[in-house]
Amino acid sequence: MLDAIRTRVLGGERIDRAQAAWLFEHGTDEQLIELAQSVRGRYHPPSRATWLKMAIINYTNVCVARCDYCAFYRFPGEPDTYLLSTEQVCDKIDALKSHGGTLVGFNGGFHPDLGVEHYTALFQAVRARYPDVEFYEMTVAEFMFVAKRQSLPYDEAAAMFAACGTRWITGGGAEVLDDAFRLRHSPGKYKVEDFYDAQRALLAAGIGSTATMVIGFDETLDERMNHLERLRDFQDSVDGRLPSFLCWTYKPYNTELAGEEVPLTEYLRWLAICRIYLDNIEHIRTSVLTRNEDAMIGLVYGADDFDLPTEDEVTQKAGATISHEFELILESARKLGFDPQMRQPLRPC
Ligand code: SF4
């Protein structure tokens, strides 16, 4: 099996899901690194790595979805719920800018009282006030909820956001895109087909999007492969318009699901499989948010890009720690032979 896989990858061809699963289970780390670096090399020089500083602004923790892996949400009416005002959001953007940050990712819950107009007003206000900052205005999962709440078809809702200037609604809230997984842990969120219908509508409206994945719940390898296979097919079908894929690891603390954290070695090996299998995605991103400076080893396993996060309540509630010792993280990348360069936020394809 290994010879067939090597021949394909080093020859610039695709491997299938059975080969990817075999490689994850049986390949050595050295073999995974060689093949991941080969695919990485189709897009990026070997020592090149890029980064930017960003804040994830959690504008509300109110959510009706009740995912059992989430330590962040509060059901409506609970005592410690919040919804940030525009001024409170701007205070957080100012804090990001004081760190030299250039990107904000908004991420909240499925708030039953917030419609399209609430979001477009907030985003228009912050875009006007901070023209030098890029905004990932919500995740596909939040977009789906907002559209459904108003009984809007996805193409209509996407057109409303686009008309108000939205540039990005990113592929967050994906976790493991497998319907059996979703039924076990997040039955109120969406079905996989629905997720891709929404993402397709966003791209058709001229809004940029990205791909994400979270591992380390109780998902099977088959469920993980379903996620990758569907994503690669989708990316083919939209002519490669998703510029990046970010994989991070579940933090199990304070959640109903609980469990244990995925070991670093497993995360790195999975990153390599993602780089090798997702040969139609240019940027594979490693997660400082959940692995801190260990995420730099992800560059060896095929990643080429990363965020330096300044805040995110969702992962911190579940046990992540955010460090502002950015130079230490960059130095870790240099020690591994990379030349990490700050980049500007991408513009949608
Ligand atoms: S993961 Fe997102 S959708 Fe699920 S409960 Fe948490 S905030 Fe809500």
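This is a quick talk through the overall build, the core and one helix pair of a single chain.

Okay, first the caveats. What we have is a predicted model, so I trust local features only at pLDDT of at least 70 and side-chain atom pairs only at pLDDT 80 or more, while totals for chains, interfaces and linings use all residues. Residue numbers start from 1 along each chain as its sequence is written.

The chain has 15 helices and eight strands; those are DSSP runs numbered from the N terminus, H or I of at least four residues for helices, E of at least two for strands. In overall size, the C-alpha atoms fill a box of roughly 55 × 40 × 40 Å along the principal axes.

Now the inside. Buried residues are 45% of the 349 in the chain, where buried is 20 or more other C-beta atoms, placed from the backbone, within 10 Å of a residue's own. The largest nonpolar core (buried Ala, Val, Leu, Ile, Met, Phe, Trp, Tyr and Cys joined through C-beta atoms within 7 Å) has 103 residues, and Phe143, Leu271, Cys274 and Ile276 touch the most other members. Helix 11, residues 264–277, gives the most to this core, with nine residues.

So what does Leu271 touch, leaving aside neighbours within four places in sequence? Its contacts (C-beta atoms, placed from the backbone, within 7 Å) are Cys247, Ile284, Thr286, Gly298, Tyr301, Gly302 and Ala303.

Last, a helix pair. In helix 4, Thr86, Val89, Cys90 and Ile93 meet Leu122, Ala125, Val126 and Arg129 of helix 5.

Notes: Buried ≥ 20, exposed ≤ 12 C-beta atoms within 10 Å, placed from the backbone. Contact = placed C-beta atoms within 7 Å.
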